[in-house]
Amino acid sequence: MPLRKQAMKNIILFGPPGSGKGTQAEKLVDKYGLLHISTGDLLRSEIESQTELGMKAKQYMDKGELVPDEVVVGMIRESMNRHSDVKGVIFDGFPRTVAQAEALDNLLDELNAPIRDVIFLEVGDAELAERLRKRAEISGRVDDQKPEVIQNRIQVYKEKTEPVAHFYEEQSKVRRVNGEQDIDGVFASITEILG
Ligand code: B4P
């Protein structure tokens, strides 16, 4: 992949399931004109198209488990290749394991375009469960329907995804935001950080 001539604004939206990553990503894309890459959306679109990758991913997602790293990293690489001339990327729901974070750093090294900020949306467990329960009523998402699957997603987050925050804390890139404010309040806090 070619080196970028211009500095890219690459941002990770980080936080537990239901913390509002997808919600905020849409608003940030409007404001900053960045490319939005959501691994959750990419996987759901593979499932909808009934591809081989989608059918494999579904087995994990329906249980609230993470899809294997190599599948997700391959999808990210493909998306980045497809959009080679962007001002920057908002990574939403990725990386979710330290192995994914390392793979992303390697990929961005090749482009000479490192992650600038990791926006960490902090929301407590009770509020998360309530939001996902409400989303279930409108989204029809299989992984929102059963309380035990929601609990598993929160558990998997604590075991496998939270260590990603420490990975980026060592690079001094983590910016914590109170994700329990209303949607516009969270957005205002993020834009204050990003400028
Ligand atoms: P995702 O699609 O990433 O979904 P999420 O974490 O549940 O949601 P998000 O944080 O985006 O919340 P949202 O804005 O919708 O992942 C789904 C699954 O895909 C994973 O469990 C996993 O199996 C798989 N997967 C995805 N990426 C992967 C990876 N990298 N590796 C392996 N597997 C992967 O907000 C939730 C709800 O709250 C919404 O209804 C919203 O309206 C509401 N809300 C948002 N902000 C609010 C606020 N401030 N106040 C009140 N309500 C708010």
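Biologist: What makes the approach of Ser19 to the ligand a polar contact?
Modeller: A backbone N or O atom of Ser19 is 3.4 Å from a ligand oxygen, and a polar contact is a pair of N or O atoms within 3.5 Å, so the pair counts. This is a predicted model, where local features need pLDDT of at least 70 and side-chain atom pairs count only at pLDDT 80 or more, while totals for chains, interfaces and linings use all residues. Residues are numbered from 1 along each chain as its sequence is written, and side-chain values use heavy atoms, with hydrogens and water left out.

Biologist: Which side-chain distances put Lys21 and Thr23 in polar contact with the ligand?
Modeller: A polar side-chain atom of Lys21 is 2.9 Å from a ligand oxygen, and an N or O atom in the side chain of Thr23 is 2.7 Å from one. The protein buries 87% of the 1000 Å² that the ligand exposes when taken alone (accessible areas by the Shrake-Rupley method with a 1.4 Å probe).

Biologist: How many residues surround the ligand, and what makes a residue near?
Modeller: There are 31 such residues, the closest being Thr23, Thr39, Glu65, Arg135 and Arg153. A residue is near if one of its heavy atoms lies within 4 Å of the molecule. By class, the shell holds 10 nonpolar, 11 polar and 10 charged residues, with Asp, Glu, Lys and Arg counted as charged.

Biologist: Which helices supply at least two residues of that shell?
Modeller: They are α1 (21-32), α2 (39-48), α6 (125-139) and α9 (183-194). The largest share, 4 residues, comes from α2. Each is called a helix because it is a DSSP run of H or I with at least four residues.

Biologist: How do you know how confident the predictor is?
Modeller: From pLDDT, the predictor's confidence in each residue, from 0 to 100. The protein has a mean of 93, and 97% of its residues reach 70 or more. Among the elements, helix α7 (residues 142-145) has the lowest mean, 86, and strand β5 (residues 174-178) the highest, 98.

Biologist: What makes the backbone at Pro95 and Gln50 worth listing?
Modeller: The peptide bond from Phe94 to Pro95 is cis, with omega near -5°, and Pro95 lies in the loop between β3 (89-92) and α5 (98-111). Gln50, in the loop between α2 and α3 (52-61), has a positive phi near 55°. Most residues other than glycine have a negative phi, and most peptide bonds are trans.

How values were computed:
A polar contact is a pair of N or O atoms within 3.5 Å; within protein, one must be able to donate a hydrogen and the other to accept it, and residues adjacent in sequence count only if both atoms are side-chain atoms.
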